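Biologist: I should like to take a close look at a single part of this structure with you. Please choose one helix, explain it step by step, and then follow its surroundings outward.

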Amino acid sequence: MFTDHSQWLRRLTNPKIVLCIFIFVVAFYIRIDFVKSVTHHMPHDSVNYDIMVRQLLEKGVYAYKSEEPNAQVTPGYPLLMAGVYILADYKNHDPFPFIRYLQVLFSMVTLWLVYLTGRKLGGHWAGIFATGVMAVYPPFIWANGAILTEPLAAMLFMLYVYLQLIVFEKKTALSALLAGAVFGILVLTRPEFLILILASYAFFWLWRGKAVRVLKLLLLSMLGAFIVLSPWIIRNIVTLHEFVLASTQVNPFVAGTYPDKNYEDGMVDRRGKTQMEVAKERLEVGFTEHTWTFVKWYTVGKTRYIYSRMFFGSGHSPYYAVIPYGTMYHRGIIGAGLLVAIALLRRWRRPSVLLVVLLVVISITRLAFVPEYRYNFTAMPLFIILGSLLAATAVDYMARRRATKGQSFVGEEF
(Lines give C-alpha, C1' and ligand atoms only; values in the text may rest on other atoms or scores of the structure.)
Protein backbone atom coordinates (compact mmCIF):
# COMPACT_ATOMS: atom_id res chain seq x y z
CA MET A 1 0.00 0.00 0.00
CA PHE A 2 2.79 2.42 0.93
CA THR A 3 4.62 1.53 -2.26
CA ASP A 4 1.54 2.35 -4.32
CA HIS A 5 1.15 5.61 -2.41
CA SER A 6 4.75 6.63 -3.02
CA GLN A 7 4.46 5.78 -6.73
CA TRP A 8 1.33 7.89 -6.96
CA LEU A 9 3.09 10.76 -5.17
CA ARG A 10 6.11 10.55 -7.47
CA ARG A 11 3.80 10.59 -10.45
CA LEU A 12 1.92 13.62 -9.19
CA THR A 13 5.12 15.55 -8.56
CA ASN A 14 6.57 14.69 -11.97
CA PRO A 15 7.55 18.02 -13.60
CA LYS A 16 5.60 17.20 -16.76
CA ILE A 17 2.42 16.49 -14.82
CA VAL A 18 2.85 19.59 -12.65
CA LEU A 19 3.33 21.71 -15.78
CA CYS A 20 0.30 20.15 -17.44
CA ILE A 21 -1.90 20.78 -14.38
CA PHE A 22 -0.68 24.39 -14.25
CA ILE A 23 -1.57 24.93 -17.91
CA PHE A 24 -5.09 23.55 -17.40
CA VAL A 25 -5.66 25.70 -14.30
CA VAL A 26 -4.55 28.84 -16.15
CA ALA A 27 -6.68 27.93 -19.19
CA PHE A 28 -9.77 27.37 -17.03
CA TYR A 29 -9.26 30.61 -15.11
CA ILE A 30 -8.88 32.70 -18.28
CA ARG A 31 -12.01 31.24 -19.85
CA ILE A 32 -14.16 31.72 -16.76
CA ASP A 33 -12.81 35.23 -16.22
CA PHE A 34 -13.59 36.17 -19.81
CA VAL A 35 -17.15 34.84 -19.75
CA LYS A 36 -18.07 36.64 -16.52
CA SER A 37 -16.12 39.90 -16.93
CA VAL A 38 -17.29 41.24 -20.31
CA THR A 39 -20.52 42.18 -22.03
CA HIS A 40 -21.15 39.73 -24.86
CA HIS A 41 -22.57 40.82 -28.21
CA MET A 42 -25.23 38.89 -30.11
CA PRO A 43 -24.61 38.51 -33.87
CA HIS A 44 -27.48 37.79 -36.23
CA ASP A 45 -26.75 34.03 -36.29
CA SER A 46 -27.15 33.86 -32.50
CA VAL A 47 -30.37 35.88 -32.63
CA ASN A 48 -31.76 33.52 -35.25
CA TYR A 49 -30.76 30.49 -33.17
CA ASP A 50 -32.60 31.97 -30.19
CA ILE A 51 -35.75 32.56 -32.24
CA MET A 52 -35.48 29.05 -33.67
CA VAL A 53 -35.11 27.34 -30.29
CA ARG A 54 -37.99 29.28 -28.69
CA GLN A 55 -40.20 28.38 -31.64
CA LEU A 56 -39.23 24.72 -31.28
CA LEU A 57 -40.03 24.66 -27.57
CA GLU A 58 -43.24 26.67 -27.76
CA LYS A 59 -44.72 25.59 -31.09
CA GLY A 60 -42.95 22.31 -31.83
CA VAL A 61 -41.69 23.61 -35.19
CA TYR A 62 -38.06 23.04 -36.14
CA ALA A 63 -37.25 25.78 -38.63
CA TYR A 64 -34.51 28.35 -39.22
CA LYS A 65 -35.62 31.82 -40.34
CA SER A 66 -39.09 30.48 -41.02
CA GLU A 67 -42.31 29.42 -39.30
CA GLU A 68 -42.59 26.39 -41.59
CA PRO A 69 -40.48 23.26 -40.92
CA ASN A 70 -37.19 23.16 -42.82
CA ALA A 71 -33.72 21.67 -42.73
CA GLN A 72 -31.76 24.89 -43.20
CA VAL A 73 -29.46 24.03 -40.30
CA THR A 74 -28.52 20.71 -38.73
CA PRO A 75 -29.98 20.02 -35.27
CA GLY A 76 -26.83 19.41 -33.20
CA TYR A 77 -26.39 22.87 -31.69
CA PRO A 78 -30.08 23.96 -31.64
CA LEU A 79 -31.06 20.82 -29.71
CA LEU A 80 -28.25 21.43 -27.24
CA MET A 81 -29.52 24.97 -26.80
CA ALA A 82 -33.07 23.69 -26.33
CA GLY A 83 -31.92 21.36 -23.54
CA VAL A 84 -30.16 24.23 -21.76
CA TYR A 85 -33.19 26.49 -22.22
CA ILE A 86 -35.38 23.90 -20.46
CA LEU A 87 -32.93 23.37 -17.60
CA ALA A 88 -32.45 27.12 -17.16
CA ASP A 89 -36.21 27.83 -17.17
CA TYR A 90 -35.71 30.19 -20.09
CA LYS A 91 -39.01 32.03 -19.65
CA ASN A 92 -37.82 33.32 -16.29
CA HIS A 93 -34.02 33.28 -16.65
CA ASP A 94 -31.58 34.22 -19.39
CA PRO A 95 -30.22 30.89 -20.77
CA PHE A 96 -27.17 32.41 -22.49
CA PRO A 97 -24.89 32.53 -19.41
CA PHE A 98 -25.57 28.82 -18.86
CA ILE A 99 -24.63 28.08 -22.48
CA ARG A 100 -21.43 30.12 -22.19
CA TYR A 101 -20.28 28.29 -19.06
CA LEU A 102 -21.14 24.97 -20.72
CA GLN A 103 -18.99 26.03 -23.67
CA VAL A 104 -16.12 26.69 -21.27
CA LEU A 105 -16.35 23.01 -20.31
CA PHE A 106 -16.37 22.09 -24.01
CA SER A 107 -13.23 24.19 -24.44
CA MET A 108 -11.50 22.40 -21.57
CA VAL A 109 -12.43 18.99 -22.99
CA THR A 110 -11.05 20.13 -26.35
CA LEU A 111 -7.83 21.14 -24.59
CA TRP A 112 -7.58 17.68 -23.03
CA LEU A 113 -8.18 16.01 -26.41
CA VAL A 114 -5.46 18.17 -27.97
CA TYR A 115 -3.10 17.03 -25.23
CA LEU A 116 -3.99 13.36 -25.79
CA THR A 117 -3.62 13.67 -29.56
CA GLY A 118 -0.30 15.50 -29.30
CA ARG A 119 0.98 12.92 -26.83
CA LYS A 120 -0.13 10.03 -29.03
CA LEU A 121 1.63 11.48 -32.08
CA GLY A 122 4.75 13.00 -30.53
CA GLY A 123 5.06 12.05 -26.87
CA HIS A 124 4.42 13.92 -23.62
CA TRP A 125 6.26 17.09 -24.60
CA ALA A 126 4.28 17.39 -27.83
CA GLY A 127 1.05 17.14 -25.81
CA ILE A 128 2.25 19.71 -23.28
CA PHE A 129 3.43 22.16 -25.95
CA ALA A 130 0.12 21.85 -27.81
CA THR A 131 -1.86 22.36 -24.62
CA GLY A 132 0.21 25.39 -23.63
CA VAL A 133 -0.22 27.07 -27.00
CA MET A 134 -3.94 26.39 -27.14
CA ALA A 135 -4.56 27.43 -23.52
CA VAL A 136 -3.85 31.09 -24.33
CA TYR A 137 -4.77 31.21 -28.02
CA PRO A 138 -7.32 34.08 -27.96
CA PRO A 139 -10.07 32.62 -30.20
CA PHE A 140 -10.39 29.60 -27.91
CA ILE A 141 -11.22 32.01 -25.11
CA TRP A 142 -13.40 34.45 -27.04
CA ALA A 143 -15.51 31.77 -28.76
CA ASN A 144 -16.88 30.60 -25.41
CA GLY A 145 -18.94 33.78 -25.22
CA ALA A 146 -20.48 33.27 -28.65
CA ILE A 147 -23.82 31.49 -29.01
CA LEU A 148 -22.47 29.70 -32.07
CA THR A 149 -21.53 26.16 -33.06
CA GLU A 150 -17.75 26.63 -32.87
CA PRO A 151 -16.97 25.43 -29.30
CA LEU A 152 -19.11 22.30 -29.64
CA ALA A 153 -17.84 21.58 -33.16
CA ALA A 154 -14.18 21.95 -32.12
CA MET A 155 -14.65 19.50 -29.25
CA LEU A 156 -16.44 16.93 -31.43
CA PHE A 157 -13.92 17.34 -34.23
CA MET A 158 -10.95 16.71 -31.93
CA LEU A 159 -12.77 13.73 -30.37
CA TYR A 160 -13.31 12.30 -33.86
CA VAL A 161 -9.63 12.85 -34.80
CA TYR A 162 -8.45 11.13 -31.61
CA LEU A 163 -10.83 8.21 -32.08
CA GLN A 164 -9.85 7.87 -35.74
CA LEU A 165 -6.20 7.56 -34.69
CA ILE A 166 -7.28 4.79 -32.29
CA VAL A 167 -9.00 3.02 -35.22
CA PHE A 168 -5.73 3.19 -37.16
CA GLU A 169 -3.92 1.73 -34.15
CA LYS A 170 -6.33 -0.98 -32.93
CA LYS A 171 -8.33 -1.72 -36.09
CA THR A 172 -11.26 -3.07 -34.10
CA ALA A 173 -14.93 -3.02 -35.02
CA LEU A 174 -15.87 -1.23 -31.78
CA SER A 175 -13.35 1.59 -32.31
CA ALA A 176 -14.58 2.09 -35.89
CA LEU A 177 -18.23 2.16 -34.81
CA LEU A 178 -17.48 4.64 -32.02
CA ALA A 179 -15.46 6.93 -34.30
CA GLY A 180 -18.30 6.83 -36.82
CA ALA A 181 -20.91 7.67 -34.18
CA VAL A 182 -18.93 10.70 -33.02
CA PHE A 183 -18.48 11.68 -36.65
CA GLY A 184 -22.25 11.56 -37.06
CA ILE A 185 -22.74 13.95 -34.14
CA LEU A 186 -20.07 16.20 -35.65
CA VAL A 187 -21.93 16.32 -38.98
CA LEU A 188 -25.15 17.15 -37.15
CA THR A 189 -23.28 20.12 -35.68
CA ARG A 190 -21.28 21.26 -38.73
CA PRO A 191 -22.25 19.49 -41.99
CA GLU A 192 -19.18 20.66 -43.95
CA PHE A 193 -17.16 17.93 -42.21
CA LEU A 194 -19.17 15.23 -44.05
CA ILE A 195 -16.39 14.33 -46.50
CA LEU A 196 -13.73 13.80 -43.83
CA ILE A 197 -14.60 10.18 -43.11
CA LEU A 198 -13.83 9.16 -46.70
CA ALA A 199 -10.60 11.18 -46.69
CA SER A 200 -9.49 9.52 -43.43
CA TYR A 201 -9.93 5.99 -44.73
CA ALA A 202 -8.49 6.84 -48.15
CA PHE A 203 -5.32 7.93 -46.36
CA PHE A 204 -5.38 4.77 -44.22
CA TRP A 205 -5.65 2.60 -47.35
CA LEU A 206 -2.77 4.41 -49.10
CA TRP A 207 -0.70 4.10 -45.94
CA ARG A 208 -1.39 0.52 -44.94
CA GLY A 209 -2.86 -1.13 -48.00
CA LYS A 210 -5.09 -4.15 -47.12
CA ALA A 211 -8.12 -2.80 -48.96
CA VAL A 212 -10.55 -5.39 -47.54
CA ARG A 213 -9.73 -4.55 -43.91
CA VAL A 214 -9.85 -0.78 -44.58
CA LEU A 215 -13.19 -1.13 -46.37
CA LYS A 216 -14.59 -3.14 -43.46
CA LEU A 217 -13.54 -0.45 -40.97
CA LEU A 218 -14.92 2.28 -43.23
CA LEU A 219 -18.30 0.54 -43.50
CA LEU A 220 -18.42 0.09 -39.73
CA SER A 221 -17.67 3.79 -39.22
CA MET A 222 -20.30 4.74 -41.78
CA LEU A 223 -22.76 2.47 -39.96
CA GLY A 224 -22.00 4.26 -36.70
CA ALA A 225 -22.51 7.63 -38.41
CA PHE A 226 -25.75 6.48 -40.07
CA ILE A 227 -27.21 5.29 -36.77
CA VAL A 228 -26.68 8.78 -35.34
CA LEU A 229 -27.88 10.58 -38.47
CA SER A 230 -30.91 8.35 -39.08
CA PRO A 231 -33.42 10.20 -36.81
CA TRP A 232 -32.64 13.45 -38.63
CA ILE A 233 -32.88 11.77 -42.05
CA ILE A 234 -36.20 10.12 -41.13
CA ARG A 235 -37.56 13.42 -39.79
CA ASN A 236 -36.74 15.13 -43.08
CA ILE A 237 -38.36 12.37 -45.14
CA VAL A 238 -41.53 12.37 -43.01
CA THR A 239 -41.85 16.13 -42.47
CA LEU A 240 -40.29 17.62 -45.60
CA HIS A 241 -40.93 14.68 -47.96
CA GLU A 242 -37.34 14.73 -49.19
CA PHE A 243 -34.05 13.05 -48.40
CA VAL A 244 -31.75 15.49 -46.60
CA LEU A 245 -28.56 14.04 -45.17
CA ALA A 246 -27.27 17.22 -43.57
CA SER A 247 -28.80 20.61 -44.39
CA THR A 248 -30.40 22.52 -47.25
CA GLN A 249 -28.88 25.93 -46.60
CA VAL A 250 -27.31 27.37 -49.76
CA ASN A 251 -26.66 30.98 -48.72
CA PRO A 252 -22.97 30.42 -47.76
CA PHE A 253 -22.42 28.76 -51.15
CA VAL A 254 -24.08 31.62 -53.03
CA ALA A 255 -22.22 34.27 -51.04
CA GLY A 256 -18.96 32.53 -51.91
CA THR A 257 -19.45 33.38 -55.60
CA TYR A 258 -18.81 37.10 -54.97
CA PRO A 259 -15.05 37.81 -55.29
CA ASP A 260 -13.74 39.95 -52.44
CA LYS A 261 -17.28 39.88 -51.01
CA ASN A 262 -18.46 42.52 -53.44
CA TYR A 263 -22.16 41.68 -53.28
CA GLU A 264 -23.18 44.48 -55.62
CA ASP A 265 -20.94 43.64 -58.59
CA GLY A 266 -23.98 43.26 -60.89
CA MET A 267 -22.48 40.27 -62.69
CA VAL A 268 -25.87 38.58 -63.18
CA ASP A 269 -29.50 39.61 -62.88
CA ARG A 270 -30.86 38.08 -59.65
CA ARG A 271 -34.51 38.98 -60.16
CA GLY A 272 -36.93 36.06 -60.12
CA LYS A 273 -34.23 33.45 -59.55
CA THR A 274 -33.54 31.11 -56.68
CA GLN A 275 -30.27 31.40 -54.77
CA MET A 276 -28.94 28.23 -56.39
CA GLU A 277 -29.83 29.50 -59.87
CA VAL A 278 -27.98 32.73 -59.14
CA ALA A 279 -24.96 30.83 -57.84
CA LYS A 280 -24.76 28.55 -60.90
CA GLU A 281 -25.07 31.48 -63.28
CA ARG A 282 -22.45 33.47 -61.41
CA LEU A 283 -20.01 30.54 -61.53
CA GLU A 284 -20.59 30.05 -65.25
CA VAL A 285 -20.18 33.74 -66.08
CA GLY A 286 -17.34 34.20 -63.61
CA PHE A 287 -15.12 31.35 -64.77
CA THR A 288 -15.73 32.10 -68.48
CA GLU A 289 -15.73 35.90 -68.61
CA HIS A 290 -13.73 36.77 -65.44
CA THR A 291 -11.56 33.67 -65.33
CA TRP A 292 -8.46 35.00 -63.57
CA THR A 293 -10.50 36.86 -60.94
CA PHE A 294 -12.52 33.75 -60.08
CA VAL A 295 -9.53 31.39 -60.16
CA LYS A 296 -7.67 33.64 -57.69
CA TRP A 297 -10.75 34.02 -55.50
CA TYR A 298 -11.44 30.28 -55.34
CA THR A 299 -7.83 29.43 -54.50
CA VAL A 300 -5.45 31.94 -52.94
CA GLY A 301 -8.07 34.60 -52.24
CA LYS A 302 -10.38 32.60 -50.00
CA THR A 303 -7.53 30.68 -48.36
CA ARG A 304 -5.74 33.90 -47.44
CA TYR A 305 -8.96 35.42 -46.13
CA ILE A 306 -9.84 32.41 -43.96
CA TYR A 307 -6.44 31.98 -42.34
CA SER A 308 -5.00 35.49 -42.31
CA ARG A 309 -6.59 36.57 -39.03
CA MET A 310 -8.04 35.06 -35.88
CA PHE A 311 -11.70 34.40 -35.24
CA PHE A 312 -12.88 37.07 -32.81
CA GLY A 313 -15.94 35.32 -31.47
CA SER A 314 -19.25 37.18 -31.38
CA GLY A 315 -17.74 40.40 -30.04
CA HIS A 316 -17.53 41.70 -26.50
CA SER A 317 -16.71 44.78 -24.45
CA PRO A 318 -14.43 45.79 -22.94
CA TYR A 319 -11.88 44.13 -25.19
CA TYR A 320 -10.33 41.04 -23.55
CA ALA A 321 -6.80 40.86 -24.96
CA VAL A 322 -5.72 37.49 -23.43
CA ILE A 323 -2.14 37.93 -24.73
CA PRO A 324 -0.33 40.75 -26.58
CA TYR A 325 0.31 40.47 -30.31
CA GLY A 326 -2.47 37.95 -30.79
CA THR A 327 -2.48 38.20 -34.59
CA MET A 328 1.26 37.46 -34.74
CA TYR A 329 0.67 34.53 -32.40
CA HIS A 330 -2.01 33.23 -34.75
CA ARG A 331 0.20 33.56 -37.81
CA GLY A 332 3.08 31.90 -35.97
CA ILE A 333 0.87 28.89 -35.29
CA ILE A 334 -0.14 28.75 -38.96
CA GLY A 335 3.49 29.05 -40.09
CA ALA A 336 4.79 26.35 -37.74
CA GLY A 337 1.95 24.02 -38.69
CA LEU A 338 2.58 24.49 -42.42
CA LEU A 339 6.31 23.90 -41.96
CA VAL A 340 5.68 20.58 -40.18
CA ALA A 341 2.97 19.59 -42.68
CA ILE A 342 5.39 20.02 -45.58
CA ALA A 343 8.10 18.11 -43.72
CA LEU A 344 5.73 15.24 -42.92
CA LEU A 345 4.73 14.84 -46.54
CA ARG A 346 8.29 13.80 -47.37
CA ARG A 347 7.84 10.69 -45.20
CA TRP A 348 4.09 10.42 -45.10
CA ARG A 349 3.47 6.86 -43.94
CA ARG A 350 2.79 7.78 -40.32
CA PRO A 351 -0.36 8.56 -38.30
CA SER A 352 0.45 12.26 -37.84
CA VAL A 353 -0.12 12.80 -41.56
CA LEU A 354 -3.85 12.26 -40.92
CA LEU A 355 -3.85 15.80 -39.48
CA VAL A 356 -2.34 17.13 -42.70
CA VAL A 357 -4.87 15.25 -44.81
CA LEU A 358 -7.78 16.60 -42.77
CA LEU A 359 -6.41 20.16 -42.94
CA VAL A 360 -6.09 19.96 -46.72
CA VAL A 361 -9.59 18.53 -47.16
CA ILE A 362 -11.15 21.06 -44.76
CA SER A 363 -9.42 23.95 -46.51
CA ILE A 364 -10.44 22.79 -49.98
CA THR A 365 -14.04 22.18 -48.87
CA ARG A 366 -14.34 25.68 -47.47
CA LEU A 367 -13.26 27.21 -50.77
CA ALA A 368 -16.77 26.43 -51.98
CA PHE A 369 -18.33 28.81 -49.46
CA VAL A 370 -18.08 32.42 -48.39
CA PRO A 371 -14.80 32.90 -46.51
CA GLU A 372 -15.02 33.87 -42.85
CA TYR A 373 -12.39 34.04 -40.11
CA ARG A 374 -14.55 31.71 -38.04
CA TYR A 375 -13.87 28.94 -40.57
CA ASN A 376 -10.30 28.64 -39.31
CA PHE A 377 -11.46 28.00 -35.75
CA THR A 378 -11.92 24.23 -35.92
CA ALA A 379 -8.77 23.82 -38.02
CA MET A 380 -6.49 25.59 -35.54
CA PRO A 381 -6.11 22.64 -33.09
CA LEU A 382 -4.56 20.66 -35.94
CA PHE A 383 -2.11 23.47 -36.73
CA ILE A 384 -1.26 23.69 -33.03
CA ILE A 385 -0.61 19.95 -32.71
CA LEU A 386 1.54 19.93 -35.84
CA GLY A 387 3.58 22.82 -34.49
CA SER A 388 3.96 21.03 -31.16
CA LEU A 389 5.55 18.08 -32.98
CA LEU A 390 8.26 20.46 -34.21
CA ALA A 391 8.80 21.84 -30.70
CA ALA A 392 8.95 18.35 -29.19
CA THR A 393 11.41 17.24 -31.84
CA ALA A 394 13.64 20.21 -31.02
CA VAL A 395 13.54 19.34 -27.30
CA ASP A 396 14.38 15.69 -28.01
CA TYR A 397 17.26 16.74 -30.25
CA MET A 398 18.71 19.03 -27.60
CA ALA A 399 18.30 16.34 -24.94
CA ARG A 400 20.08 13.75 -27.09
CA ARG A 401 22.84 16.21 -27.92
CA ARG A 402 23.30 17.02 -24.25
CA ALA A 403 23.40 13.31 -23.39
CA THR A 404 25.92 12.66 -26.14
CA LYS A 405 28.17 15.43 -24.85
CA GLY A 406 27.90 13.99 -21.35
CA GLN A 407 28.88 10.54 -22.55
CA SER A 408 31.82 11.98 -24.46
CA PHE A 409 32.96 13.89 -21.39
CA VAL A 410 32.74 10.80 -19.23
CA GLY A 411 34.75 8.80 -21.73
CA GLU A 412 37.50 11.38 -21.68
CA GLU A 413 37.46 11.53 -17.90
CA PHE A 414 38.11 7.80 -17.60
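Modeller: The account below begins with helix α4, passes to a neighbouring helix, and then turns to other places in the chain for comparison of the same kinds of feature.

Please bear in mind throughout that this is a predicted model. Helix α4 runs through residues 76-88. At 1.5 Å a residue, its 13 residues should span 18 Å, and the end C-alpha atoms are 19 Å apart, which agrees. The buried residues of α4 are Y77, P78, M81, A82, V84, Y85 and A88. Around the axis they cover an arc of only 165 degrees, which puts them on the same side of α4. A general rule helps in reading such a pattern. An α-helix has 3.6 residues a turn, so residues three or four places apart point the same way.

What, then, does the other face of α4 carry, turned away from the buried side? The exposed residues I86 and L87 are found there. On the buried side, the cover includes α3, α5 (96-122) and α8 (150-170). Just after the helix comes D89, whose phi is positive, near 55 degrees.

One of the covering helices, α3, deserves a closer look. D50 has its place in helix α3. Leaving aside residues up to four places away in sequence, D50 touches M81, Y85 and F96. Both M81 and Y85 are among the buried residues of α4. Is D50 itself buried or exposed? With 15% relative accessibility, D50 counts as buried, because the cut-off for that word is under 20%.

D50 also has a partner within its own helix. The side chains of D50 and R54 meet in a salt bridge, at 3.0 Å from N to O. Both residues lie in α3 (residues 44-59), four residues apart, which is about one turn of the helix. In general, side chains of opposite charge can pair when their charged atoms come close. The two partners differ in their cover: D50 is buried, whereas R54 is partly exposed, with a relative accessible area of 27%.

The salt bridge of D50 and R54 is not an isolated case, for the count in this model comes to 12 salt bridges. Another links the side chains of R190 and E192, at 2.9 Å from N to O. R190 is buried, with a relative accessible area of 8%. A further salt bridge joins E264 with R270, where the closest N and O atoms are 3.7 Å apart. Here E264 counts as exposed, at 64% relative accessibility, and R270 counts as partly exposed, at 41%. Salt bridges that share partners also join D45, E150, R190, E192, R366 and R374 into one network.

Helix α13 can be read by the steps used for α4. Helix α13 (residues 275-289) has 15 residues and reaches 21 Å from its first C-alpha to its last, close to the 21 Å expected at 1.5 Å a residue. Its buried residues are V278, A279, R282, V285 and G286. Seen down the axis of α13, these buried residues fall within an arc of 140 degrees, so they line one face of the helix. They pack against α12 (251-255) and α14 (291-308). The face turned away from the buried side carries the exposed residues K280, E284 and T288.

Nonpolar residues may also be found at the surface. I195, L198, L215, L219 and M222 form a nonpolar patch there, with about 450 Å² of accessible area together. Helix α11 (residues 211-240) gives the most to this patch, with three residues. L215 lies in α11 and is partly exposed, with a relative accessible area of 45%.

Finally, some features of the backbone belong to the loops. H241, in the loop between α11 and α12, has phi near 60 degrees, a positive value in a residue other than glycine. H241 is exposed, with a relative accessible area of 68%. V322 likewise has a positive phi, near 65 degrees; V322 sits in the loop between β2 and α15 and counts as partly exposed, at 24% relative accessibility. The loop between β2 (316-317) and α15 (326-346) also holds P318, and the peptide bond from S317 to P318 is cis, with omega near -5 degrees.

Key: Residues numbered from 1 in each chain as written. Predicted model: local features only at pLDDT ≥ 70, side-chain atom pairs only at ≥ 80, totals over all residues. Heavy atoms only, no water. Helix = DSSP H or I, 4+ residues; strand = E, 2+ residues; numbered from the N terminus. Expected span 1.5 Å × (residues − 1). Buried < 20%, exposed > 50% of the residue type's maximum accessible area, 1.4 Å probe, protein only. Arc of directions from axis to C-beta. Contact = heavy atoms within 4.5 Å. Patch = residues over 30% accessible without salt bridge, like charges linked within 9 Å, V, L, I, M, F, W, Y side chains within 5 Å. Areas by Shrake-Rupley, 256 points an atom, 1.4 Å probe, with all protein chains shown as cover. Salt bridge = Lys/Arg side-chain N within 4 Å of Asp/Glu carboxyl O.
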